[in-house]
Structure formats: C-alpha cells, structure tokens
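Q: Before we begin, could you take me through this structure slowly, and set each value against the rule behind it?

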Amino acid sequence: MATPSKPPSTSSGPLNPKTTHREFFGFPGAVAVMTTTVAVLYTWYFSCNERDGCQLPLTFDRWKHIIASATDFHAYFNTQALKYVAMWWAWLAVLYFILPARTVQGVVLRNGQRLKYPISGLTSLLVTALTATAVYAQNGLGPFLWIAEHFFELAFASLVFSTLLAVFVYLFSFRHSSVERENKPVVMLALAGNSSNPVYDFFIGRELNPRLGSLDIKYFCELRPGIMGWVLLNVSFALKQYAQQGCVSAAMWLAIVPQIAYCIDTLLFEDKVLTTMDITTDGFGWMLAFGDLTWVPFMYSLQARYLSFTPVHLSTEYTVFIALLSLCSFLVFRLSNSQKNAFRTNPNDPNLKHLKFITTKSGSRLLVSGWWGMARHVNYTGDWMYGLAQCLATGFDTPMTYFFSAYFLVLLVHRNYRDECKCREKYGSDWVTYCKMVPYMFIPYLI
Ligand code: NDP
C-alpha cells in the first residue's frame with residue numbers, strides 16, 4: 001500500500017534557508033528590545049500624565065510610584081478598551097475588503113511569485129473620518145474624550161492584541177504548504193527569521209508575508225490600524241484640550257497638523273511601502289506587530305497628549321519658526337523620496353534628465369546629483385527635522401516630550417546602517433565609488 005506523501009516542510013530548504021546572521025544580536029537582543037520598548041511605554045505614561053505632570057528626574061519615590069502603578073493591573077485592564085481596539089481593527093479590516101481599490105503587485109519574491117495588494121488606505125482614512133464626523137454629530141465630543149481619557153487602557157489593550165497577533169503569525173508560519181507551485185513552497189520565510197530559536201524568530205518575524213485569504217497581515221498593520229489610530233488619538237487630544245480650555249492652542253496645531261499630514265502622505269504614497277525593507281525583507285513578528293499597532297499610535301501621540309493637559313504658550317516668532325521648520329523639513333523629506341521613487345519607476349523620465357547617475361554592474365543606476373547627490377540619506381534628515389519641529393511645539397518644560405526625536409534618531413541611524421550594508425552587498429565596488437562621489441550620509445559638508 002502506498003504511503004501518503006508528507007506535505008512539504010516550510011522550515012528549511014533552498015528557498016527558506018536557515019538564518020545565518022541574526023539581527024539585534026539574536027536572542028538577548030530580542031528579549032532586550034521587547035522588554036525595553038514595553039517598559040518605555042509604561043514609564044512614559046506613568047511618569048508623564050495629567051495627574052502627576054511630566055517631572056524629571058525620576059527619583060526613587062517616583063520610580064516606586066511608577067512600578068506600583070504599572071503593577072496595578074486592574075487599574076488599566078478595561079474590557080471596554082479591549083472591545084474598542086478589537087472593533088477598530090475589525091472596522092479597518094472590513095474596509096480593506098470592501099472599498100474599491102487599485103491593485104498593485106509587490107516585488108518579485110524568492111519563489112518567483114508577486115503578491116497583489118489593494119491600494120485603498122487613503123479611502124479608508126476618508127471613510128473613517130466621515131464616520132467619526134457622523135459619530136460626533138450624533139454623540140458630541142463624548143466618544144473622543146473617552147479615547148483621550150482612557151489612553152493607557154487602550155494602549156494596554158493594543159499591546160495585548162499585538163502580542164496575540166505575533167503569537168498567531170508565529171504558529172501560523174509552521175503550517176505546511178497545502179499548495180505547491182512548481183515545487184516552490186508557498187510559505188515564504190524571512191531570511192532573518194528562520195533561526196530555529198523560537199524567541200528570536202517570534203520577535204523578528206518568521207513568515208515574510210502572512211496572509212489570511214487576501215488580507216496581507218503585515219501590509220494591513222503597516223498602514224492602517226496604527227497610522228489611523230495615531231490620527232484618531234491626536235484628534236481626540238486636541239478635542240480634549242478644546243473641551244477643557246475652550247480653544248485649540250497654537251502649540252497643539254503645530255504638533256498635530258504635521259503629524260496628520262505625515263499620515264496622509266504615507267497613505268497617499270501607499271504603494272511605495274511595497275518596496276521598503278519592512279515589506280520586502282523583514283518577517284512579520286512581534287517587532288512589527290507591536291511597532292505598527294502599539295508603538296506608533298501610543299508613543300508618537302505623546303506631544304498631543306502632553307499638550308492636552310499642559311498649557312504651553314508660544315510666542316509669535318517661535319510659532320512662525322516651528323511652522324517654517326515643519327514646512328522646510330517636510331519638503332526635504334517628500335521631494336527627496338519622490339525624486340528617487342520617480343527615478344526608480346522610470347529612470348528615463350524626461351523630467352529627470354538633468355540628474356547625473358552612475359550605472360552599476362547590477363544594472364541598477366544610482367543618482368549622484370539632485371537630492372541624492374547631497375547626502376546618501378538626506379530623506380532621513382528631512383524626516384527627523386520634521387519630527388523635531390513637533391517636539392519643539394511642546395516647549396522646554398520637560399525633556400520627556402522630546403522622546404520621539406531621540407528615539408527616531410536611533411531608528412534612522414540603525415536603518416541607515418542596515419541600508420548601507422544592503423547596498424554594499426548589492427552594489428559591491430560601485431557602492432564604494434558612489435560613497436566617494438557622495439561622501440556625506442545625512443547633512444552635506446557635515447556628516
Ligand atoms: P530609502 O527611501 O532611503 O531607500 C533606500 C534605498 O534607495 C536603497 O536601499 C537603494 O535601493 C536606493 N538608493 C540608495 N541610494 C540611491 C541613489 N543614490 N539613487 C537611487 N537609489 C538609491 O528607504 P527607507 O524605506 O528606509 O525610507 C523611506 C522613507 O521612510 C524615509 O524618508 C524615511 O525617513 C521614512 N521612514 C519613516 C519611518 C517612521 O517610523 N516614521 C520608519 C522608516 C522610514 P535600490 O538601489 O535597491 O533600489
């Protein structure tokens with residue numbers, strides 16, 4: 001009697017090789033990042049809030065207070081918050097399926113496949129904004145004030161769900177391919193996420209593109225519940241300030257308008273995310289689940305949260321300075337990214353014919369003039385300055401509201417390192433030539 005053949009394993013093979021290089025120093029780094037980021041989320045809330053203010057330094061008594069508050073689990077475990085976060089994700093998932101969308105193809109995967117993605121993030125945001133306006137017309141400010149006042153309950157609910165989602169995708173990545181296409185496994189693992197160390201793989205993300213039907217979980221999380229949740233939190237904090245002080249301050253506008261514009265910009269260029277490292281290279285694990293769904297909305301809205309309970313009066317000159325800094329840095333960020341995107345989409349675009357480039361052995365061209373001739377990552381500089389302007393809007397009473405700038409600096413420097421490694425590997429000696437022609441990394445003539 002013939003024995004039924006075993007379904008192909010997803011664990012290793014020529015297309016899913018064992019991970020040789022572990023990011024973040026492997027297991028200890030994964031544990032350190034997971035505990036530190038959650039500790040930061042807790043610390044920043046329990047040491048900077050409406051009741052206690054945002055005092056630094058954190059004395060022994062303050063630490064005792066933070067630890068007592070953080071371990072008082074019943075104070076922030078809120079079933080309603082859990083329900084609302086679940087409803088938020090579900091609402092955006094439904095919109096992902098039902099809204100009309102332009103379909104685009106992702107990059108070619110190692111198995112030759114190209115996945116399809118719906119481009120409907122901006123429409124989702126619009127429909128959500130209209131729905132929020134209807135909620136306001138029906139119920140007034142109440143629902144938004146509830147969000148602002150139950151911030152940490154919502155953050156905790158999001159942490160629980162992000163972690164559960166990471167557990168799910170980790171276990172899900174072990175399924176056997178029920179379908180094989182030309183003997184290639186359908187379950188594609190990330191090159192960095194197949195180390196066989198469960199904690200590290202859970203953290204970094206084992207599967208490259210986990211999907212439930214046509215719902216691409218990583219793509220959905222990258223651009224929808226977190227990014228739009230960030231907008232909703234900012235609006236809720238501004239409305240809270242309005243409810244308490246009768247107006248929205250200039251500082252609040254300077255903090256939230258650029259952030260909302262950034263979210264809209266991200267959704268406007270939604271298809272560009274398909275060529276970023278997050279989508280093409282990184283697996284979907286705890287790092288991205290927590291980062292996209294909890295860290296982005298609940299840490300990045302700190303400036304608006306602080307301003308919702310702290311009156312900050314800015315002089316006219318300072319207000320104009322921050323507005324100009326926001327505008328200029330946004331232009332650097334947007335124009336440099338658009339220039340490279342246009343060049344990568346069509347290097348022969350007549351609008352780009354004034355730009356100089358070198359042709360590499362890989363066949364790809366590298367720009368050596370325009371924005372990309374100034375510094376190798378001038379787009380990161382614009383992005384960082386833009387975030388700094390939002391922090392400057394909170395004044396100088398506490399360094400805690402500058403968290404975003406400090407954190408984003410570390411993120412971009414690390415990302416720059418990863419990208420330089422990738423390019424050195426991809427372009428070899430051509431990258432060395434490019435670095436000689438464009439010697440600065442972030443700021444021309446400086447660094
Ligand atoms: P980049 O847009 O910086 O792209 C890097 C890639 O561009 C390289 O890998 C290379 O890819 C290509 N490239 C490099 N130099 C050249 C050149 N001279 N000419 C043409 N192509 C070149 O990547 P990111 O995804 O890191 O950043 C995109 C934007 O997203 C940035 O503005 C960043 O600030 C922002 N960002 C924001 C985050 C946030 O949390 N708010 C997080 C991460 C990023 P190849 O040659 O293979 O095409």
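Q: How much space lies in the largest cavity?
A: The largest cavity holds about 50 Å³ of space, where a volume is the space filled by probe spheres set on grid points that are joined across faces, edges and corners. The model is a predicted one, in which local features need pLDDT of at least 70 and side-chain atom pairs count only at pLDDT 80 or more, while totals for chains, interfaces and linings use all residues. Residues are numbered from 1 along each chain as its sequence is written, and side-chain values use heavy atoms, with hydrogens and water left out.

Q: What makes a space a cavity and not a pocket?
A: On a 1 Å grid over the protein atoms alone, a cavity is a set of points where a 1.4 Å probe fits but cannot get out, whereas a pocket is an open set with protein on both sides within 12 Å along at least five of seven lines. Lining residues are those with an atom within 4 Å of a point. By this rule there are two cavities of 30 Å³ or more.

Q: Which residues line the largest cavity, and into which classes do they divide?
A: The lining is made of Gly106, Val107, Leu109, Leu115, Tyr117, Asn209, Leu274 and Ile279. Ala, Val, Leu, Ile, Met, Phe, Trp, Tyr, Cys and Pro count as nonpolar, Asp, Glu, Lys and Arg as charged, and the others, Gly among them, as polar, and on that scheme the lining divides into six nonpolar, two polar and no charged residues.

Q: What is known of the second largest cavity, in volume and in lining?
A: Its volume is about 30 Å³, and the residues around this cavity are Leu41, Trp44, Tyr45, Phe151, Phe152, Phe298, Met299, Leu302 and Arg305. Two or more lining residues come from each of helix H1 (26-46), helix H7 (151-172), helix H13 (286-300) and helix H14 (302-309), where helices (H or I, at least four residues) and strands (E, at least two) are DSSP runs numbered from the N terminus. H1 gives the most, with three residues, and by class the lining has eight nonpolar, no polar and one charged residues.

Q: Why is the contact of Glu270 and Arg224 called a salt bridge?
A: A salt bridge is a side-chain nitrogen of Lys or Arg within 4 Å of a carboxyl oxygen of Asp or Glu, and the side chains of Glu270 and Arg224 meet at 2.9 Å, N to O, so the pair satisfies the rule. Glu270 lies in the loop between helix H11 (250-268) and helix H12 (277-280), and Arg224 in the loop between helix H9 (217-223) and helix H10 (225-245), so the pair ties together parts that are 46 residues apart in sequence. The search of the whole structure finds 14 salt bridges.

Q: How do you know whether Asp278 and Arg415 are buried or exposed?
A: Buried means under 20% relative accessible area, exposed over 50%, and partly exposed in between, with a 1.4 Å probe and protein chains only. Asp278 has 13% and is therefore buried, whereas Arg415, at 23%, counts as partly exposed. The two form a salt bridge, with the closest N and O atoms 3.4 Å apart.

Q: Why do Arg376 and Glu420 count as buried?
A: Arg376 has 10% relative accessibility and therefore counts as buried, and Glu420, at 7%, counts as buried too. Arg376 and Glu420 form a salt bridge, their closest N and O atoms being 2.8 Å apart.

Q: What makes the contacts of Asn194 with Asn16 and Pro17 polar contacts?
A: A polar contact is a pair of N or O atoms within 3.5 Å; within protein, one must be able to donate a hydrogen and the other to accept it, and residues adjacent in sequence count only if both atoms are side-chain atoms. The side chain of Asn194 reaches the backbone oxygen of Asn16 at 3.1 Å, and a polar atom of that side chain lies 3.2 Å from the backbone oxygen of Pro17. Asn194 sits in the loop between strand E4 (184-185) and helix H8 (198-204), and at 2% relative accessibility Asn194 counts as buried.

Q: How much space lies in the second largest pocket, and which element gives the most to its lining?
A: About 1200 Å³ of space lies in the second largest pocket, and among the 37 residues that line this pocket, the closest to its centre are Glu23, Leu191, Thr281, Arg418 and Lys422. H18 gives the most to the lining, with seven residues.
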